[in-house]
Amino acid sequence: MTKMMDQLITQIEKMKPFFERLSRNIYLRAIKDGFISAMPVVLFSSIFMLIAYVPNVWGFYWSDEVVDFIVKPYTFSMGILGLLVSATTARALTDSYNRRLPATKQLNRVSTMIAAIVVFLFFSSTEIAQGEGDAVVAGFSSGYLGTTGLLAAFVAAFITVIVYNFCMKNDIAIRMPEEVPPNISQAFTDVIPFAIAVIIAYGIDVAIRAFTGVSFAQAVIEMFQPLFTAADGYVGIAIIYGAMAFFWFIGIHGPSIVEPAITAIAFLNMDANLALIQGGEQAANIITPGLQYFVATLGGTGATFVVPYLFMWFGKSRQNKAVGKASFIPTSFGVNEPILFGGPIILNPIFFVPFVLAPIINVWIFKFFVEVIGMNGFSYFLPWPTPGPIGIVLGTGIAPLSFVVAALLIVVDALIYYPFFKVYDKQILEGEAANETAIIEEQAETTENDDQVSTGSHIKDEVSVLVLCAGAGTSGLLANALNKGAKEYDVPVVAGAGAYGAHQEIMGNYDLIILAPQVVSNYDDIKEDADRLNVKLVKTKGKEYISLTRDPKAALDFVDTVLNEDQ
């Protein structure tokens, strides 16, 4: 059995280069990065919906006037999410194109953002007229400016940046004399691509309305509705969330590939669920951000919430007990890299089946509770580091059944992982017994080397280090270790944590950037930005990264070595 699994993993690894190229696709990344930039809006606005509607669970209802007052910040922020994302996605895509363009022919990211907003409004809004003969324009509709307009927002951003790139590469622009100040000259340079992008949007808007009678945003949603419905089925959610786990298992950050494809439908469903709750109906849509964060990836990709506890409580080997104790806290908050790479779980043939199977079973159980038993789906957005069981309860409105689901998923995941864990624990235990002497010698050597780390630092002037991961969770572990070591050993190192996709604006403030394992596939792209800013960049491997997060002295030594390797 083990031999067959080894062969399977070998075959899977051969596909890794293809999937890495897919994860680096500039359009998928622009969607993901653009959405990350808009995430504060989502987090902020959801608080007001929780206040307005969660009390309904206990039979308390605000008056309509009070509800309108409470949800106004939601309407004025989440209600224009599509508009905001059109701009942030355009900016992210502009940055990707600029890496490929000469320094003297860069796209103006501010101009592409503005143009994308105008294009999006053509795609998503309709004039509202009033007065005699409906001749006076009073404004424009906002129905598709929020989550319902996300697909249109992505298309608007893509069209805009592609037009700007075409004009720049073919030198289609108004050129001013050298005597004209650069800022004024730039404005004229952007006139033609801006005009072309808007005219194209205008033409699409006229054509779509002529054939369908509705806006582009509405037409796109209606066109993809059968696909959305299919994705909400048992097979659809199994493919989506099983794929996330599969990609992560072979060492590629699964959500980076899958998330851009389902972002629009996930937030559209959450918005629809909220509308159903407001109307006194069941929130029956399945695919939402909450399903991903707290059900499919309960405790992180692979539904690993229970795994550190199995290692810690049921493991007989010293190694597994130690890994469990070191990783149960971060995994409880959705940061599961310590168990993924410390176990290891990633690329470990023994854990392939439960790692892919547990997320699928979890979403099936949740879907059963919604469709058959009548529990509400997720209607409220919570940040992904919220502990999974708490996220399930709060995200579904603190319904009594949500407590049952949270407890059931923990039990089921434990049952799925347990037999595979016992096989692995037995394997490690036998290895420990056979190599007891070697382990003791290695520990002694490690201790001796650690004692030398704190006295050999070449760092004399303050060094700023930025650690990047996918969601600013794992990166915080290493940043904390570096700051702790710097304080303890009086080394002038200051470290911060960040999320890939939200780093462009801040990376120039650092001397060194360390990439966590899940974002190393982006190394080549970020290397271009780092070189331009004269910032040192280094990538890490799984076990290496986790060991550094647990050893402040080794983390400092790693930074010291990287900074001085060329000297």
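User: What does L107 touch, not counting residues up to four places away in sequence?

Analyst: In this predicted model, L107 touches T94, Y97, N98, L101, V161, Y164, N165 and M168. Contact here means heavy atoms within 4.5 Å. L107 itself is placed in the loop between α5 and α6. The C-alpha atoms of L107 and Y164 are separated by 6.9 Å, with their positions 57 residues apart along the chain.

User: Is L107 buried or exposed, and how do you know?

Analyst: The relative accessible area of L107 is 6%. Buried means under 20%, so L107 is called buried.

User: What makes R109 and D95 a salt bridge?

Analyst: The criterion is a side-chain nitrogen of Lys or Arg within 4 Å of a carboxyl oxygen of Asp or Glu. The closest N and O atoms of R109 and D95 are 2.6 Å apart, so the pair qualifies by that definition. The pair links distant parts of the chain, with R109 in helix α6 (residues 109–124) and D95 in helix α5 (residues 81–98), 14 residues apart.

User: Why is R109 called partly exposed, and which class does D95 fall into?

Analyst: Partly exposed covers the range between under 20% and over 50% relative accessible area. R109 has 23%, so R109 is partly exposed. D95 has 12%, so D95 counts as buried.

User: How do you know that D529 and R99 meet in a salt bridge, and which parts does the pair tie together?

Analyst: The N to O distance for D529 and R99 is 2.8 Å, and the limit is 4 Å. D529 lies in helix α22 (residues 523–533) and R99 in the loop between α5 and α6, so the pair ties together parts that are 430 residues apart in sequence. D529 and R99 are both buried.

User: Where do R209 and D205 lie, and what makes them a salt bridge?

Analyst: Both lie in helix α9 (residues 191–212), 4 residues apart, which is about one turn of the helix. Their side chains meet at 2.6 Å, N to O, against the limit of 4 Å. R209, at 24% relative accessibility, counts as partly exposed, whereas D205, at 9%, counts as buried. Elsewhere, salt bridges that share partners join R99, D529 and R532 into one network.

User: How many salt bridges does the structure hold?

Analyst: The structure holds 6 salt bridges.

User: What does UniProt list for C469, and where does C469 lie?

Analyst: The UniProt record, an unreviewed entry, lists C469 for "modified residue: Phosphocysteine". Such annotations may be inferred rather than shown by experiment. In the model, C469 lies in strand β3 (residues 463–469).

User: Why is C469 called buried, and what is it in contact with beyond four places in sequence?

Analyst: Its relative accessible area is 1%, so C469 falls in the buried class, for which the cut-off is under 20%. Beyond four places in sequence, C469 is in contact with T474, S475, G498, A499, Y500, A516, Q518 and V519.

User: Where does S475 lie, and is it buried or exposed?

Analyst: S475 lies in helix α21 (residues 474–489). At a relative accessible area of 0%, S475 is buried. Leaving aside neighbours within four places, S475 is in contact with V467, L468, C469, A497, G498 and Y545. The C-alpha atoms of S475 and G498 are separated by 6.6 Å, the two being 23 residues apart along the chain.

User: Which residues touch the most other members of the largest nonpolar core?

Analyst: Y241, V465 and L482 do, in a core of 137 residues. Outside its neighbours within four places, V465 is in contact with L482, V493, V494, A495, G496, Y510, L512, I514 and V559. A second, separate core of 16 residues includes L83, A152, C167 and A217.

User: Why is W62 called partly exposed, and which residues make the nonpolar surface patch with W62?

Analyst: W62 has 32% relative accessibility, so W62 counts as partly exposed. Patch members need over 30%. W62 makes the patch of about 420 Å² with I47, I51, F60 and V66. W62 lies in the loop between α3 (26–53) and α4 (64–75).

User: What share of the protein chain is made up of buried residues?

Analyst: Buried residues make up 53% of the 567 residues. The protein chain has 24 helices and 6 strands.

Notes: Residues are numbered from 1 along each chain as its sequence is written. This is a predicted model: local features need pLDDT of at least 70, side-chain atom pairs count only at pLDDT 80 or more; totals for chains, interfaces and linings use all residues. Side-chain values use heavy atoms; hydrogens and water are left out. Patches are made of residues with over 30% relative accessible area and no salt bridge: like charges are joined within 9 Å, nonpolar side chains (Val, Leu, Ile, Met, Phe, Trp, Tyr) within 5 Å. Accessible areas come from the Shrake-Rupley method with a 1.4 Å probe; for residues, only the protein chains shown count as cover. Helices (H or I, at least four residues) and strands (E, at least two) are DSSP runs, numbered from the N terminus. Buried means under 20% relative accessible area, exposed over 50%, partly exposed in between (1.4 Å probe, protein chains only). A nonpolar core is a set of buried Ala, Val, Leu, Ile, Met, Phe, Trp, Tyr and Cys residues joined through side-chain atoms within 4.5 Å.
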